[in-house]
Protein chains: 2
Amino acid sequence: MKSRTHATDESPRTEIDSSFLKTLVGYNTRRATLRIMDVFTERMDALGLTQVEFSALSIIGRNPGVTPSQLCAELGLLAPNLTKILLRLDRQELLNRKALPTDRRAVALSLSAVGTKLLREAESRAVELELEASSALTSKQRETLISLLQKIYS
Amino acid sequence: MKSRTHATDESPRTEIDSSFLKTLVGYNTRRATLRIMDVFTERMDALGLTQVEFSALSIIGRNPGVTPSQLCAELGLLAPNLTKILLRLDRQELLNRKALPTDRRAVALSLSAVGTKLLREAESRAVELELEASSALTSKQRETLISLLQKIYS
DNA sequence: TATTGTTATACTCTATAACTATA
DNA sequence: TATAGTTATAGAGTATAACAATA
């Protein structure tokens, strides 16, 4: 076993060794997520959207007619929590909700004109802040990173 | 503008298009984090450790004498929240706390014998579950992934 | 006067159970 | 009887303000 450099145990330290945690994929994905989400929150605040509200808006905008249960599955949310998210989006007049003729329990979601306009602006900001938050990466590295991440959660 | 394939708008859908979100680094890091954290929680439950408790324990174990404020900076925690985490670890008799002779406001943290033993087991499980959660990656890809993630948050 | 760490507390997220209306 | 969606609520996680002890 290799000896580890240390002064007297329990003396005050100036440098913290976190090299072990940094060998763990989960630790690194979490730190990266927190960093990007900070930037996201700051930039999207002016539009009144949290990141999960943004994700929901984007899926609805690109999949008109999607149902809440499909949204839950796609975004990994629980139904009662999605209900609250949709309520907030609804209060801002961003959504249309229409009972499905084929199954009147289910709801077809789509964006209102206001919602569509907001989504366009939000997606454009998202792309911008994303590139900025990953500006230490070349576009090739960024592609590689995304593809490796998808191997983990797919 | 390209036309998008669709049936009648607001008809029920079978396939959801989330290709836009999947071009965002933040969306992918978040999904990967959630997946790995699920595995982590499941496997570490038997040891009674959450992931942040594990991170704290690991930093303390590898940096005896570290203070709470240093831990906060290292793990991105706020002081009042770390207090609660340390209290939980303390209740399990995992910690030693000793006022610094040079500054009696500050506390030198280290692991008890029990804490050291638990950490050894926990780190071994962490490495194992990590490799499993990233089993879709070659070890070279895993290295690449970690290095790209660190470019984002460092 | 500033800093370390604690207490109290509030807000958001996430999770579970029970309900309704449809099927 | 089962499913889509809602309501109510409980529990983490995260945030701010105010305090005691020490510097």
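Student: Is R125(B) buried, partly exposed or exposed, and at what relative accessibility?
Tutor: This is a predicted model, where local features need pLDDT of at least 70, side-chain atom pairs count only at pLDDT 80 or more, and totals for chains, interfaces and linings use all residues. Side-chain values use heavy atoms, with hydrogens and water left out, residues are numbered from 1 along each chain as its sequence is written, and chains are lettered from A and ligands numbered from 1 in the order in which they are written. Buried means under 20% relative accessible area, exposed over 50%, and partly exposed in between (1.4 Å probe, protein chains only). On that scale R125(B) counts as partly exposed, at 26%.

Student: Which residue does R125(B) form a salt bridge with?
Tutor: A salt bridge here is a side-chain nitrogen of Lys or Arg within 4 Å of a carboxyl oxygen of Asp or Glu. The partner lies 4 residues apart from R125(B) in helix α5 of chain B, about one turn of the helix; helices are DSSP runs (H or I, at least four residues), numbered from the N terminus. The closest N and O atoms are 2.8 Å apart, and the partner is E121(B).

Student: How many residues apart are E132(B) and R43(B)?
Tutor: These two form a salt bridge, with the closest N and O atoms 2.5 Å apart. E132(B) sits in helix α5 (residues 113-133) of chain B and R43(B) in helix α1 (residues 25-44) of chain B, so the pair links distant parts of the chain. Their separation is 89 residues.

Student: What area do chain A and chain B bury between them?
Tutor: The size of an interface is often given as the accessible area lost when the parts come together. Here that is taken with a 1.4 Å probe and summed over both parts. Of the area, 62% is on carbon and sulfur atoms, and the rule finds 0 salt bridges across this interface. The buried area is about 6,600 Å².

Student: Which residue has a side-chain N or O atom 2.8 Å from a phosphate oxygen of DNA strand D?
Tutor: 20 residues surround the strand, the closest being P68(A), S69(A), R97(A), R105(A) and R104(B), where near means a heavy atom within 4 Å. R104(B) also comes to 2.8 Å from a phosphate oxygen, but through a backbone N or O atom. The residue doing this with its side chain is R97(A).

Notes:
Buried area is the accessible area (1.4 Å probe) that two parts lose on being put together, summed over both. A polar contact is a pair of N or O atoms within 3.5 Å; within protein, one must be able to donate a hydrogen and the other to accept it, and residues adjacent in sequence count only if both atoms are side-chain atoms. Helices (H or I, at least four residues) and strands (E, at least two) are DSSP runs, numbered from the N terminus.
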